[in-house]
Amino acid sequence: MNRRQFLKYALYGAGGTAIGVSGLGALTKVAPKSAIATTNTEETTVFSACEMCRNQCPIAVKVVNGKVTKIEGNPNDSGFGGVICARGNSGPSLLYDPQRLKKPMIRTGERGTGKYKEVSWDEAYTYIADKLKVIQQDFGGESVAFASRKGPHDWFFRTIGKGIGSPNIFSHEATCPMTRSVALDSMFGVEAIAADYANAKYIVSFGRNWLEGIHIAQTRAIMKAIDNGAKLVVLDPRLSVTASKGEWIPIKGTTDLAFVMAMANIIITEERYDKDFVERYTSGFDQWKEAVKDKTPEWAENETGIPKETIIRITREFAEARPQAILDFGWRTGLTPNDFQLRRAIMIVNMMMGNFEVPGGYYRIKNASVTNRFPEMTGYAKALGAINQPAFPKPVTSRIDGTGIKGIPGQLIPEGDGAVGQIVESILTGQPYQIKAWMVHRFNPVISITESDRVIEALKKLDLLVVCDVYMTDTAMFADVILPECSYLERHEPVYDMSGLTPKYVLRQPAVELVYPDTKPSWQIYKELGEKMDLGKYFPFQNIENYISRQLTPAGLSLSQLKQKGVWTPEGMKPFYLRANDSQASLGNVISKVSQKIEFYSEEVQHATKQGVPQYKRHPQPEEGKFRFVQGKVAVHTNAGTVNVPVLNELMPENSLWINKASADNLGILDGDDIIISSGIYEHKGKAKVTEGIRPDTVFCYHGFGRISPELKRAFGKGINDNKLILNQIGEVGNVCTSMTMVTVKKA
Ligand SMILES: Nc1nc2c(c(=O)[nH]1)N[C@H]1C(S)=C(S)[C@@H](COP(=O)(O)OP(=O)(O)OC[C@H]3O[C@@H](n4cnc5c(=O)[nH]c(N)nc54)[C@H](O)[C@@H]3O)O[C@H]1N2
Ligand SMILES: Nc1nc2c(c(=O)[nH]1)N[C@H]1C(S)=C(S)[C@@H](COP(=O)(O)OP(=O)(O)OC[C@H]3O[C@@H](n4cnc5c(=O)[nH]c(N)nc54)[C@H](O)[C@@H]3O)O[C@H]1N2
Ligand code: SF4
Ligand SMILES: [Mo]
C-alpha cells in the first residue's frame, strides 16, 4: 500500500465514521465504497483485537494467501461501530516491518552500545534464571522490580514476580490515569466508573482530547453528542483538535482545580445542585461547602486567567443541562503533584448535579459481576473464570513506593499498580532499599517516565535488565537480555473484559502464522521462563487455548463461539442505568463504600493526606522569559510505541515545539526555525511551530519522539523527547507530573 492509498484507507474505516490521520484528526462521516471495496475472492476474515494502542478495539483482519492485507473495525461490535483509527489500520506495516526484533539476544558490549549476540530461547531463559537466582539469594526477591503496561498479557509476566516473592510489581498506570483511579476509589470504592458521553447535553473537558487521544468508542460518543447539539467546552492551554470542535478556554496550566472549585461555589450560592441526590446518596457535602465558600469567580479569574463572566456563564450553562451534563474526569491525568485532588473535585461537582446512573452522566461499568446483582439482568452475563494458582511466597518486605502503608499518601496507591517512577529512585538512591534487577515488559521507561537521563543512569546501574518488546527501543538498548515478542496479529491473548453500559468480552487470536519464527507470544515466554526457574506450578495450563477455555467455560461461553465473532455481548440487553426509571434506587450494588454513600469527604484521604475534601494548592507559574511545557497525544502515533512503524513514521516522522506567535516574535523565532529548549538542567534541539493556538506563557509538543536507539532506523534522532526535558517529580499518589516543568527557548 502506498502512502496515498493508506491515507485514503485510514481516513475511511469500514463503518462509515472514521478518525482522521493528520494532526487535525477530524472525524468524518463520508465513506466512499471504493476505499473499502475488495475484489480478491480468496480473502478470509479473522476477528481479533487491535494492539496498536492499549484500547484493544475489536478488529476484522483480512487475510489473503496467509498474508494480512488490511485491517478494519469488527462489524459485529456496535459500540465501536466497525471503526478503527489510522494506527489500527497500520497493523500490517508493523507486522511485516523488517526492523522488528526477530531473535532473543544477550548483551556482549557496554550497556547502550548496541553490541548483542543472537541466542536460542533456552539460552536466554537460562541466563535470566541463573542471574535472578543469584540476585534473589544475595538481595532477596524484593530487589527485582517488574514493570509492564497493564493488560490481559500481564498475568503471565506478574506470575514470575509473585513466584519469586517480589512485592515490587508495577503497571504503567502512575504515568497515565492513576490519579483519576485513586479519586474514584476514594469516593465510590470502585474505579470502574465511566461517562455516557453520547447522551450528554453539556461536556466540559479539562485537557481530555478525544480527537487525538483516541478511544474509538469514546471519540464516536463525543461526536454523536455534538451532532445531537451538545455543547463542548475545552479547557486547555493549547488549541487541541478537540478544543477546535467546541469552545476553547485557554486556561493557565495547572490551575484547573480553581476553576472547578469556583464552579462549586457558584452552584452552591445559586442553589443549582440536585439537593435530593446530594442528601440521599452523598456524604461530606458540608465540608466541601466550607472548602469552596471563598472560592469565588473573582478569585478563580485571578488563578486561572479566565474572566469571571466566562466562569459564571459556563457554570450556569452546565447546571442548566443537568443531569445530562459531564465535567470530564480526564484520562492521562498526572499533570501536577496533587492532581488526584483535582479529579476528586471534578467528580464531586458531577455528583452535585446528580448525574450518576442516568443517561448522559456517569455510570458504574456493567461488567458481569455487577450485572449478576440485578434480577432483571441475570442470565445476561456470566463472570469469566479465574485460573487458580498455588499460594505464592509472601514478600518479606513492603514495596519500595510505600503503597498500602497506612497514614501516608502511599496508602491510596492501588496495590496492583504502584508508583512506577519509584523504581528509578530506588536504583539511584538505594532508598528505601536497592532494586538490583528490572524486568520490563511492553513498556518503555526511557521515553515514558520523566527525566529520561536519570532513567538511563538507573538502567546502567542494574545487575540485570530484561526487556520484552517488538522493537529495539530506547530502553531495550540498555538491556542484558532482549526477548522478542511476536506481534498481536500472530498471537492469542486471554479474553479481555471490555464492558461498558452492557457486558462485553473481546478475543485476540492469530490472523497469520509467525512472520519471524523465533518470536513468541508472552504467555509462552513467561510460562517457559517460569518452568526454567522452577516456577512451573504457577502456570497450571497446557497452552493458551486451554487457558482461554478455562476463562470461558464458567461463563457458559466457548472459544469457538468467540472465534466466530471476535466479541461477545449479551444479546438483547439494553444499556442499563440504575436510576433511569427510579431516581431513588439504592446504589448499594454499584458503589462499594461501607457507608453506602458517595464520599465527598473521605476519612481515608484525610488520614493519608490531611485533605479529606480537596483544598486548593497554587503551583508556580512561569516567570518572565520562561514557558510552561505541556504535552499530548497525536492522532497518528501511540505513546512510546509507533514512531518507527513504517507507514506511521512516514505520516509523521517528527514533532515540533508549539510556541505562541507573540512569544516567538519576542525571541526572533520564525515558524520552522531550529531552536534549543532548556529546562535549566537539560537541553534539547528541536523545531519551532509558531501558532496562535497556544497561550503565550506555554509551549507544547506531541509525546513519543526524539528516539535514541539507532536500531529504530526511521525514528532515530528525529524530533523532541519531552521527557528528556521534564524534571522528575513524583506526585502525592505516586503519579508522574508532566505539566510542572518550565523551559526557556532560543534560536539555535
Ligand atoms: N512527558 C510525558 N510522558 C508520558 C506521557 C505524556 O503525554 N507526556 N504519556 C504517558 C502515558 S498516558 C502513558 S500510557 C505512558 C505510555 O508508556 P508506554 O507503556 O511505555 O508506551 P506504549 O506506547 O504503550 O509502548 C510501550 C512499549 O510496548 C511495545 N510494544 C508494542 N506492542 C507490543 C507487543 O505486542 N508486545 C510487546 N512485548 N511490546 C509491545 C512498544 O514497542 C513500546 O516500546 O507514557 C506516559 N508518559
Ligand atoms: N492517537 C492516540 N490516541 C491515544 C493515545 C496515543 O498515544 N495516540 N494514547 C492513549 C492513552 S495511553 C491515553 S492515556 C489517552 C490520553 O488522552 P488525553 O488524556 O486526552 O491525553 P493528552 O493528549 O495527553 O491530553 C493532554 C492535554 O492536556 C493539556 N494540558 C496540559 N497541561 C494542562 C493543564 O494543566 N490543564 C489543562 N486543562 N490541560 C492541560 C495538553 O495541552 C493536552 O492537549 O489517549 C489514548 N489514545
Ligand atoms: S484506538 Fe486505534 S490503535 Fe488503539 S486499539 Fe483502537 S484501533 Fe487500535
Ligand atoms: Mo495513557
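**Two ligand shells and the cysteines of a predicted model**

In this predicted model, the side chain of Asn735 places a polar atom 3.0 Å from the backbone oxygen of Thr336. A polar contact is a pair of N or O atoms within 3.5 Å; within protein, one must be able to donate a hydrogen and the other to accept it, and residues adjacent in sequence count only if both atoms are side-chain atoms. Asn735 sits in the loop between H25 and strand E29 (742-747). Its relative accessibility is 1%, so Asn735 counts as buried (under 20% relative accessible area; exposed is over 50%, partly exposed in between; 1.4 Å probe, protein chains only).

Residues are numbered from 1 along each chain as written, chains are lettered from A and ligands numbered from 1 in written order. Local features need pLDDT of at least 70, side-chain atom pairs count only at pLDDT 80 or more, totals for chains, interfaces and linings use all residues, and side-chain values use heavy atoms, without hydrogens and water.

Ligand 1 is surrounded by 27 residues (near means a heavy atom within 4 Å). Ser448, Asp469, Glu485, Lys633 and Asn723 come nearest. The side chain of Asn723 has an N or O atom 2.7 Å from a nitrogen atom of ligand 1. Alone, ligand 1 exposes 910 Å², of which the protein buries 97% (Shrake-Rupley method, 1.4 Å probe). Strand E18 (464-469) and helix H25 (722-725) are the elements giving two or more residues to this shell. Helices (H or I, at least four residues) and strands (E, at least two) are DSSP runs, numbered from the N terminus. Domain 2 (105-176 + 395-492 + 518-540) and domain 4 (627-747) both contribute to the shell, so ligand 1 lies between them. Domain bounds come from an automatic or database assignment.

Arg332 contacts both ligands. Its side chain has an N or O atom 3.0 Å from an oxygen atom of ligand 1. For an oxygen atom of ligand 2, the distance to an N or O atom in the Arg332 side chain is 2.7 Å. Ligand 2 exposes 930 Å² when taken alone, and the protein buries 98% of that. Its shell holds 32 residues, with Asn209, Asp236, Asp256, Arg332 and His637 the closest. An N or O atom in the side chain of Asp236 is 2.6 Å from an oxygen atom of ligand 2. Strand E24 (residues 627-632) supplies the largest share, 3 residues.

The structure holds 0 disulfides (pairs of cysteine sulfur atoms within 2.5 Å). For Cys701, the nearest cysteine sulfur is that of Cys176, 17 Å away. Cys701 counts as buried because its relative accessibility is 0%.
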